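User: Could you walk me through this fold with a few questions and answers?

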Amino acid sequence: MKKYTYSAKKADNQGKWWVIDAEDMILGRLASLIASRIRGKHNPLYTPHADTGDSIVVVNAEKVRLTGRKWAQKTYYRHSGYTGNLKSITAEKLREKRPEDLLRFAVRGMLPKNSLGRDLRKKLHVYAGPTHPHVAQQPEELKLQ
């Protein structure tokens with residue numbers, strides 16, 4: 001009898017579409033659940049080097065919560081590459097300008113930092129309001145907690 005561990009290939013991914021309502025959910029906890037789903041860790045075929053995850057659509061991203069004083073103290077940085085051009089923005093101001101980026105940045109930090117991670121990031125679709133344009137994919141609602 002031959003015994004071996006099956007390693008999933010790219011073609012094995014049947015990727016479903018899910019919709020998550022982020023209203024009144026804590027940012028970090030939500031991001032970790034989303035990152036796990038996108039990565040495919042819930043899937044019995046999970047393979048670390050292959051994309052075995054699902055696509056996630058998040059609505060109401062502007063209503064996500066942060067605990068403690070993080071709205072004022074949590075800072076996001078970006079750099080243009082030129083000397084002295086480090087820009088920063090607090091979570092509160094980022095929520096006013098681009099509320100989708102709060103969740104996008106949190107999930108991005110939980111995915112692999114390589115070509116697989118760049119491909120997986122494209123499977124996250126975040127919208128500030130309650131509507132989304134992905135009706136044709138027939139996403140199912142994912143209940144969290």
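Analyst: Happy to! One definition first: angles under 35 degrees count as roughly parallel, over 145 as roughly antiparallel, 65 to 115 as roughly perpendicular and the rest as oblique. Please keep in mind that this is a predicted model.

User: How are α1 and α4 oriented to each other?

Analyst: Helix α1 covers residues 27-39 and helix α4 residues 99-108, and their axes come within 9 Å. The axes cross at roughly 55 degrees. That angle falls in none of the parallel, antiparallel or perpendicular ranges, so the two helices α1 and α4 are oblique.

User: Thanks! Which residues of α4 does α1 meet, and of what kind are the residues in this contact?

Analyst: The α1 side consists of Leu27, Leu30, Ala31, Ile34, Ala35 and Ile38. Facing them in α4 are Leu102, Leu103, Ala106 and Val107. Sorted by kind, the residues of this contact include no polar and no charged ones, and 10 are nonpolar.

User: What is the hand of the crossing where α1 passes α4?

Analyst: This concerns the pair whose axes cross at roughly 55 degrees. The crossing of α1 past α4 is right-handed.

User: Which elements give two or more residues to the lining of the largest pocket?

Analyst: The largest pocket holds about 190 Å³ of space. Its lining is made of Ile26, Leu27, Gly28, Leu66, Thr67, Lys70, Lys74, Tyr76, Phe105 and Ala106. By kind, that lining has 6 nonpolar, 2 polar and 2 charged residues. The elements giving two or more residues are α1 and α4.

User: And what pattern does the protein follow along the sequence?

Analyst: There are 5 helices and 6 strands in the secondary structure. The C-alpha atoms fill a box of roughly 60 × 40 × 30 Å along the principal axes. Read along the sequence, the pattern is β-α-β-α-β-β-α-α-α-β-β.

Methods: Residues numbered from 1 in each chain as written. Predicted model: local features only at pLDDT ≥ 70, side-chain atom pairs only at ≥ 80, totals over all residues. Heavy atoms only, no water. Axes fitted to C-alpha atoms, helices over the stretch in contact; angles between N-to-C directions. Helix = DSSP H or I, 4+ residues; strand = E, 2+ residues; numbered from the N terminus. Left-handed = near helix turned anticlockwise from the far one by under 90°. Contact = heavy atoms within 4.5 Å. Nonpolar A, V, L, I, M, F, W, Y, C, P; charged D, E, K, R; others polar. 1 Å grid on protein atoms, 1.4 Å probe; cavity = no way out; pocket = protein on both sides within 12 Å on 5 of 7 lines; lining within 4 Å. Points joined across faces, edges and corners; volume = space filled by probe spheres on them.
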